[in-house]
Amino acid sequence: MNNLSLKVSSRIVVLDIGMYIFRYVSDTPAHPRNSSLSLHQAPIGKGAVDFFPASGVVRNTLTMPGDCVVVRVKGAQASVLVTEYHPEGESATIQLRIDQINTSPSGPTSSEPSPVAPSRTAVLKLNGHIETRGDVAVEDGWLGVPGTPLRLEGFSVDWQDQPKDVNLAYLCRSGKDSEPQIALAGQFVGSRRQAKPITSIAFALTGQRAAHYELSGQAVFGGQPPLDIAADKELSGPNGTEQLVALRLVITPKAAQVSPPASPWSNTATTQIFRKAK
């Protein structure tokens, strides 16, 4: 049996109530190839900690750049134990970035001056896999068709010219009690050619400049009117089993906010389709 010698180091991160994203980042190709970093709740603080690992992350352990875990602290202040594992001879260290996910609609509260924001809405390209249609890509429009039963089985959001110090995080579930799939801009969640529906979704902005941008858009679940997208708000149909059929997402700089995207249900004739008979 081979004995693997490891160097182990730990530290504790104390967090206030809120949502955070722990991410393995690397600015150079010389990142540690055989090292890993794991997250666990530490016995400091009275709050509770929930961990939501991204797709491919096992046991809240980050093993390569791009791996991330969303951490939710609730009830009171709590702490996370961060433990690094390095094989003997591995000199590089893991770069861990921790960003708080902005959930406040009021915008930045810091006295730090706001940066000059771009004058136009962010350009977003949505890629998805739609039942019977296969892979589809749209730019600044609806992914999927509202009013149809064709399920949107998976998607990714590419943010072109993405500014520094702000990122988009999103999740989806395929059932009420299923584990969420979590990703950052450019990464795919959901499935392809598995006939699995998406039954809930959520979006959030993260990073030091997240408060300078605003999320909006709409999501449509089968047989239901559209739901407005808001940061850190998980959306689903009334029963939690309705499948996602269409999605539109907008990211707007605070200095250049525009009206929410036009709804295909603004036509009253269309709205009447969804009225329940008395």
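Which residue forms a salt bridge with Arg-97? I began my notes on this predicted model with that question. I found that the partner is Asp-165, and that the closest N and O atoms of the two are 3.5 Å apart.

**Entry 1: the surroundings of Arg-97**

I looked up where the two residues lie. Arg-97 is in strand S8 (residues 95-102), while Asp-165 is in the loop between strand S12 (152-160) and S13, so this salt bridge ties together parts that are 68 residues apart in sequence. I then checked how far each is covered. Arg-97 has 27% relative accessibility and counts as partly exposed. Asp-165 also counts as partly exposed, at 21% relative accessibility. I noted that the contact belongs to a network of salt bridges, in which Arg-23, Arg-97, Asp-99 and Asp-165 are linked.

**Entry 2: other salt bridges**

I searched the whole structure and counted ten salt bridges. One of them joins the side chains of Lys-74 and Asp-50, at 2.9 Å from N to O. I placed Lys-74 in strand S6 (residues 68-74) and Asp-50 in strand S4 (residues 48-53), so the pair ties together parts 24 residues apart in sequence. Lys-74 is partly exposed, its relative accessible area being 39%.

I also looked at Glu-234, which forms a salt bridge with Arg-173; their closest N and O atoms are 2.6 Å apart. This pair links distant parts of the chain, 61 residues apart: Glu-234 is in the loop between strand S18 (227-228) and strand S19 (235-236), and Arg-173 is in strand S13. Are the two partners buried or exposed? I found Glu-234 to be partly exposed, at 39% relative accessibility. Arg-173 is buried, with a relative accessible area of 16%. I wrote down the cut-off here: a residue is called buried because its relative accessible area is under 20%.

**Entry 3: aromatic rings**

I turned to the aromatic residues and found four aromatic pairs in the structure. I took up the pair of Tyr-170 and Phe-203, whose ring centres are 6.0 Å apart and whose planes stand at 45 degrees, so I entered the pair as tilted. The two residues come from distant parts of the chain, Tyr-170 from strand S13 (residues 167-173) and Phe-203 from strand S16 (residues 200-206), 33 residues apart. Tyr-170 is buried, with 2% relative accessible area. Phe-203 is buried too, with a relative accessible area of 2%. I added Phe-155 to the entry, as Phe-155, Tyr-170 and Phe-203 form one aromatic cluster.

Which residue has its charged end over the ring of Phe-188? I found Arg-192 there, with its charged end 3.9 Å from the centre of the ring.

**Entry 4: an open sheet**

I traced an open sheet of four strands, in the order S1-S7-S3-S5, with antiparallel pairing. S1 and strand S5 (61-62) stand at the edges with a single partner strand each, so one side of each has no neighbour in the sheet. I then followed the pairing of strand S3 (residues 36-42) with strand S7 (residues 78-87); the two run antiparallel and are joined by seven bridges. For Gln-41 I looked up the bridge partner in S7, which is Val-80.

**Entry 5: a nonpolar patch**

Which residues make the nonpolar surface patch of about 240 Å²? I listed Ile-12, Val-14 and Ile-44. Val-14 belongs to strand S1 (residues 6-15), the edge strand of the previous entry. I noted Val-14 as partly exposed, at 45% relative accessibility.

**Entry 6: positive phi**

I last checked backbone angles. Most residues other than glycine have a negative phi. Thr-132 has a positive phi, near 70 degrees. I placed Thr-132 in the loop between strand S9 (123-130) and strand S10 (134-139). Thr-132 is exposed, with a relative accessible area of 71%.

Asp-161 is another residue with a positive phi, near 55 degrees. Where is Asp-161? I found Asp-161 in the loop between S12 and S13, the loop that I had entered earlier for Asp-165. Asp-161 counts as exposed, at 67% relative accessibility.

Terms used. Residues are numbered from 1 along each chain as its sequence is written. This is a predicted model: local features need pLDDT of at least 70, side-chain atom pairs count only at pLDDT 80 or more; totals for chains, interfaces and linings use all residues. Side-chain values use heavy atoms; hydrogens and water are left out. Rings of Phe, Tyr and Trp (its six-membered ring) pair if their centres lie within 6.5 Å; planes under 30 degrees apart count as stacked, over 60 as edge-to-face and the rest as tilted. Buried means under 20% relative accessible area, exposed over 50%, partly exposed in between (1.4 Å probe, protein chains only). A charge sits over a ring if NZ of Lys or CZ of Arg is within 6 Å of the ring centre and within 35 degrees of the ring normal. Patches are made of residues with over 30% relative accessible area and no salt bridge: like charges are joined within 9 Å, nonpolar side chains (Val, Leu, Ile, Met, Phe, Trp, Tyr) within 5 Å. Accessible areas come from the Shrake-Rupley method with a 1.4 Å probe; for residues, only the protein chains shown count as cover. A salt bridge is a side-chain nitrogen of Lys or Arg within 4 Å of a carboxyl oxygen of Asp or Glu. Two strands pair if DSSP finds at least two bridges between them.
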